[in-house]
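Dear colleague,

I am handing over the structure we spoke about, with the sequence alongside. Below the display you will find my notes on what turned up in it.

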Amino acid sequence: MCRRRGFTLIELLVVIAIIAILIGLLLPAVQKVREAAARTTCSNNLKQLALGLHNYHSAYEKFPAGIRRDQGPAPPSTNNYRLNETPLRRTNWTIEVLPYIEQENVQKKWNYTNFNANRGVTGDPATCTWHAIKTFNCPSDPAPAVDTTSDAAESPPRHWGLTRYVANAGRRSYRRAAQTNDGPFIHTVERNIASISDGTSNTIFLGERSTVDPVFSSTGDNLVFWGWWAFGAEGDVLGSAAERINWKMPAPATQANYDLRINVFGSGHTGGANFAMGDGSVRFIRDSMDLVTLERACMYADGLVVSLD
């Protein structure tokens, strides 16, 4: 009688060991490929946003203000307007760039006279800010595209679409007493290309902002809502060189560190973050860059051009 020979226990263990080794070698490579793809997607998002800002400039001969909180009288006939109201109010750069990143239908829902009308109930076609805008989100950041927790107690619950990208307000942008107003996108001011005297290729326009920071997250303000119309002095859709790239808030949380961290550039990528320059190019800047160099790249007209290599 012929018997079929099977694997011995030792042979089986050797095969399992070889498979485990191969998986161990393969996983880091797969993770690197995924991160490279995510970084490329993020870079493309920033490229689209930068080009959108330039298309806005072509239409209005100026870039949008970083944030506008102007009150003023109600417009004569419609809530959705730009040219029939001076100055444009209750808006920010993310809202104004929407028509130029193929999101005009979302922008048309924005109510320039009643901010609360924009606070979105997910799925409600009449509200604006619940929309998850793909171009505003980096796949390397773990936070969701829509926050459903901040106003969950309201009836109905209000949901917010998030952004991982903030516009450069200069060296400081959060508290009005500390704002330096030396970046291309600040409160109420609309700059044009001619005013960027350091050169658009040398000036940061947009950068990433990371949600990964345990101490800062505990304050409840680690998320950035793209449709945020700033109450008080907040400028959550603005970034700055308040600290180095990927600077984390130390424990215990303090108001002073909070004021720094809320606008710090950073990302879920390893070693740095993506930035869109004023000429529309996108660069990956290492978080090892010293703060002085980063400050110079964020200032739009200080007359000192620095190398970001």
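Which residue in β6 is the bridge partner of A167? Please keep in mind throughout that this is a predicted model. The partner of A167 is L206, and the two strands concerned, β5 (residues 165–168) and β6 (residues 204–208), pair in the antiparallel sense over 3 bridges. As a general point, strands of a sheet pair through backbone hydrogen bonds, either parallel or antiparallel.

These two strands belong to an open sheet of 5 strands, which runs in the order β7-β5-β6-β8-β9 with mixed pairing. Because β7 (238–239) and β9 (282–286) stand at the edges and each have a single partner strand, one side of each is left without a neighbour in the sheet. Taken as a whole, the protein has 6 helices and 9 strands, and buried residues make up 47% of its 309 residues. Of the contacts with a separation of 6 or more, 66% are between residues 24 or more positions apart.

L206 appears again in the interior, where the largest nonpolar core has 41 residues and where L49, W93, F136, L206 and W226 are those with the most contacts inside it. At least two residues of this core come from each of α1, α2 (93–97), β5 and β6, and the largest share, 5 residues, is supplied by α1. If you would like one residue to look at in the viewer, W93 touches, among others, L49, L53, Y165, A167, L206 and L238, leaving aside residues up to four places away in sequence. There is also a second, separate core of 14 residues, which includes I204, F265, I285 and L294.

Turning to the surface, the accessible area of the protein comes to about 14600 Å², of which 56% belongs to carbon and sulfur atoms. A nonpolar patch on that surface is formed by I10, V14, I18, I21, L22 and L25, with about 620 Å² of accessible area together. One of these residues, I21, lies in helix α1 (residues 9–60), and it counts as exposed because its relative accessibility is 53%, the cut-off for exposed being over 50%.

As for charged pairs, a search of the whole structure finds 6 salt bridges, and I describe some of them here. E190 forms one with K62, the closest N and O atoms being 3.0 Å apart. This pair links distant parts of the chain, since E190 is in the loop between β5 and β6 while K62 is in the loop between α1 and β1 (67–68), 128 residues apart. E190, at 24% relative accessibility, counts as partly exposed, and K62 counts as partly exposed at 29%. K62 and E190 are also linked with R68 in a network of salt bridges.

D182 forms a salt bridge with R171, and here the closest N and O atoms are 2.4 Å apart. Both D182 and R171 lie in the loop between β5 and β6, so the pair ties together parts that are 11 residues apart in sequence. D182 counts as buried at 9% relative accessibility, whereas R171, at 31%, counts as partly exposed.

Finally, the side chains of R296 and D302 meet in a salt bridge at 3.0 Å, N to O. R296 counts as partly exposed at 27% relative accessibility, and D302 counts as partly exposed at 22%.

With best wishes

Note on methods:
Residues are numbered from 1 along each chain as its sequence is written. This is a predicted model: local features need pLDDT of at least 70, side-chain atom pairs count only at pLDDT 80 or more; totals for chains, interfaces and linings use all residues. Side-chain values use heavy atoms; hydrogens and water are left out. Patches are made of residues with over 30% relative accessible area and no salt bridge: like charges are joined within 9 Å, nonpolar side chains (Val, Leu, Ile, Met, Phe, Trp, Tyr) within 5 Å. Accessible areas come from the Shrake-Rupley method with a 1.4 Å probe; for residues, only the protein chains shown count as cover. A salt bridge is a side-chain nitrogen of Lys or Arg within 4 Å of a carboxyl oxygen of Asp or Glu. Helices (H or I, at least four residues) and strands (E, at least two) are DSSP runs, numbered from the N terminus. Buried means under 20% relative accessible area, exposed over 50%, partly exposed in between (1.4 Å probe, protein chains only). Two strands pair if DSSP finds at least two bridges between them. A nonpolar core is a set of buried Ala, Val, Leu, Ile, Met, Phe, Trp, Tyr and Cys residues joined through side-chain atoms within 4.5 Å. Contact means heavy atoms within 4.5 Å.
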